[in-house]
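User: Please examine the structure below and answer some questions on its helices and one of its loops.

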Amino acid sequence: MSGPARGVVELDRLTKRFGAEVAVREVSLTVAPGEFVTLLGPSGCGKTTTLRCIAGLESPDAGEIRIDGQVVASRARGIHLPPEDRDIGMVFQSYAVWPHMTVFDNVAYGLRVRRVGRSDVQDRTTGALELVGLAHLADRYATKLSGGQRQRVALARAIVYRPKVILFDEPLSNLDAKLREQMRVELVRLQHDAGITSIYVTHDQSEALVMSDRVVVMHAGVIQQIGDPRTIYARPANAFVASFLGVANLLEGTLADQNGAWCEMDIPLGPTQPSVRLRAAAAAGVSRGQRITLSVRPEDLALHLTRPDRAVNVIEGEVIDTVYLGSFVDGQVRAGAHTISVQIDHYERLVPGQKVFLTFEPEHGLCLSS
Amino acid sequence: MEAGSPAPRHLEVRGLVKSFGPERAVDDISFGVPRGKFLTLLGPSGCGKTTTLMCIAGLHRLDAGEIRVGGVAYTSVADRIFLAPERRDIGMVFQSYAIWPHMTVAENVAYPLEIRKVARAEIHDRVADVLRLVGLLEMAGKLATQLSGGQQQRAALARAIVYRPKLLLFDEPLSNLDLKLREQMRVELKRIQREVGITSVYVTHDQAEALVMSDEIIVMSDGRIQQTGDPHDIYARPANRYVSNFIGVANLLPGRVVRVTAPGRGEIEVQEGAARVRLPCRLGEGVGEGAPAVLSVRPENVQALREDRGEPRLEGLVLQTIFLGNCLDCRVRWGAFEWKILAHPRYLLRAGERVFLRLDPEHSLAVRP
């Protein structure tokens, strides 16, 4: 193949239907060697179907899948390699760890089935267990392990084959919150240390932000945006991405003026109130007179008790409620017909009904086409 | 009740002691809850919080102490009073939803009124009111088994408040729900409690839940009260190392108070490996000059700057940054210590950078070890 560096996994206009319903529509993606790519979206967005097509558990209706340059699925060319011939590892939500075997035997099993030599099995299994921090529990039965430890066994079992890519399907969603946070960081460290190309499916946006080199946001079978976590979060391509990742205040209005990278918008606050004129960065595809949506994050809004003198963007409102979260206060402010969330970093006793002013820097707001 | 106390206490617990065999599960605790307020008993498992709740409910007998509701003694060891649980007029919501699967939502909620022989028309109205309040009015005719976990917990709450009990007791009601739903339900539960105005005692091991929901929090460990206060007090002015560590995340550095500069203010010297520094700070209760203390600083109150602004100098190395969307979680090595710092997500710190840490003396607290 010519052109840019070849990906370990390449999806070329992948489409999968279930009856009349299109689960995945023309999805194209190239995953580079050693990269950690997350497919993120709500249930039914097509992320798991995409993963199952890569794994060979589903057969795509159109398009092509290549793993390390080899076509593993193409209806047009009549190719469908079974999962066991694709050189992939898989880690699922259910640990799928055999209870009647020790940790060592669980991990060694796949190698033994493939008739790997005895000393090689010993070395590779030990190596994989060391990597996941379970070498000291090698002789323990799987039933004696905690949820986090079982998931590590599942991971060791996937990496012991040294597959070209590991596919993860919501592997942490059965763990409790604290363990999940630990495992995220650990999984990323492992993945980097072992240098394994990974495709990870989740509906949990914080997981995607913490773990990924790149995030693929999906909705209704279609890729909405591909980018690194900061870009996806700070420069969402549309209102769906803005609201699916973190919290975004989305205010609809019209575009009054556009000057290069900047937009002036009129945002009506309510039927009885005048619109406010606000300035923000322009997203791709906005043009004058169009219906637009302003997206601004709670942490990019500043709250003032008196009207600020020199702020470019000021929204007047009144406090509905505040929720104290320790490291910050989550404030809800009513501005006309809108409820705006603001992250207040310094503790202030605000009372419901109190008048406040919200400001934000133009570069921290984003004008999206509706 | 003492004269001049600010709010009359609807629930009053005094000198409560409860042992199981040789072990004191609850060791002489006293507290009160003003009418309509929401109190949380917070602590790890085995701290005595659930035992305390069971004593209030009348499901345990006390070894010593008394419990009063609205001035009436429910339990008094000295006066040999023990009111049976069913006569206490208390609503309870548990972790397991305890909703009857063979009944509809409306029948479940009506049940407590039926056994209290409330008139049929009134039952209908009150059930409808309560279901509207918890957002289940559309589900009234559904069988309880057709509800999601969050909906079942709403039904359980509706059943507990429909007969307007004197007291509501919650025993970790949200711990079976997934994280997203749990976060929604915290705010929702608090809203409902405020609307019905029933005095509530809530037991949890989840500090975030306690901060969000409570008017007042009691932090417990080993059967004793570590601190009582409103959420902001507990978070910003922890009484000791235990509370500081249990609530939220804190950087905790052992040191010694070297100087008291004003009432409640001073300087602490901390050392971690080769790094040592004197820092101005606030002094917690019981911390004086020369005393060993622990400096407690929350991650959001540490700033990592690229330029050196002079003394006190805390120069460190960024080990790791984790982008969390609305904030940046950073780890900075200083001597042998690893600082946890929460920065604004727009601040682009990178692993391997040298930084200078600034602490706000107002948010640096020396507490008892």
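The questions and answers that follow concern a predicted model.

User: Is Ser287(A) buried or exposed?

Analyst: Ser287(A) sits in the loop that joins strand 14 (275-282) to strand 15 (291-296) of chain A. A residue counts as exposed if 12 or fewer other C-beta atoms lie within 10 Å of its own. Ser287(A) has 11 such atoms within 10 Å and is therefore exposed.

User: What separates the C-alpha atoms of Ser287(A) and Val116(A)?

Analyst: The two residues are 171 residues apart along the chain. Their C-alpha atoms are separated by 62 Å.

User: Which helices of chain A do the buried residues of helix 2 pack against?

Analyst: Helix 2 of chain A covers residues 103-113, and its buried residues include Val103(A), Phe104(A), Val107(A) and Leu111(A). Arg115(A), with a positive phi near 60 degrees, follows this helix. The buried residues of helix 2 pack against helix 3 (118-131) and helix 4 (147-159) of chain A.

User: Are helix 2 and helix 4 of chain B roughly parallel or roughly antiparallel to each other?

Analyst: The axes of helix 2 (residues 105-115) and helix 4 (residues 149-161) of chain B come within 7 Å and cross at roughly 25 degrees. Angles under 35 degrees count as roughly parallel. Helix 2 and helix 4 of chain B are therefore roughly parallel.

User: Which residues of helix 4 of chain B are met by helix 2 of chain B?

Analyst: Helix 2 of chain B passes helix 4 of chain B in a right-handed crossing. On the side of helix 2, the contact involves Val105(B), Asn108(B), Val109(B), Tyr111(B) and Pro112(B). In helix 4 of chain B, these meet Ala155(B), Ala158(B) and Arg159(B).

Methods. Residues are numbered from 1 along each chain as its sequence is written. Chains are lettered from A and ligands numbered from 1 in the order in which they are written. This is a predicted model: local features need pLDDT of at least 70, side-chain atom pairs count only at pLDDT 80 or more; totals for chains, interfaces and linings use all residues. Helices (H or I, at least four residues) and strands (E, at least two) are DSSP runs, numbered from the N terminus. A residue is buried if 20 or more other C-beta atoms lie within 10 Å of its own, exposed if 12 or fewer, and partly exposed in between; C-beta atoms are placed from the backbone. Two residues are in contact if their C-beta atoms, placed from the backbone, lie within 7 Å. Axes are lines fitted to C-alpha atoms, for helices over the stretch in contact, and angles run from 0 to 180 degrees between N-to-C directions. Angles under 35 degrees count as roughly parallel, over 145 as roughly antiparallel, 65 to 115 as roughly perpendicular and the rest as oblique. A crossing is left-handed if the near helix is turned anticlockwise from the far one by less than a right angle, and right-handed if clockwise.
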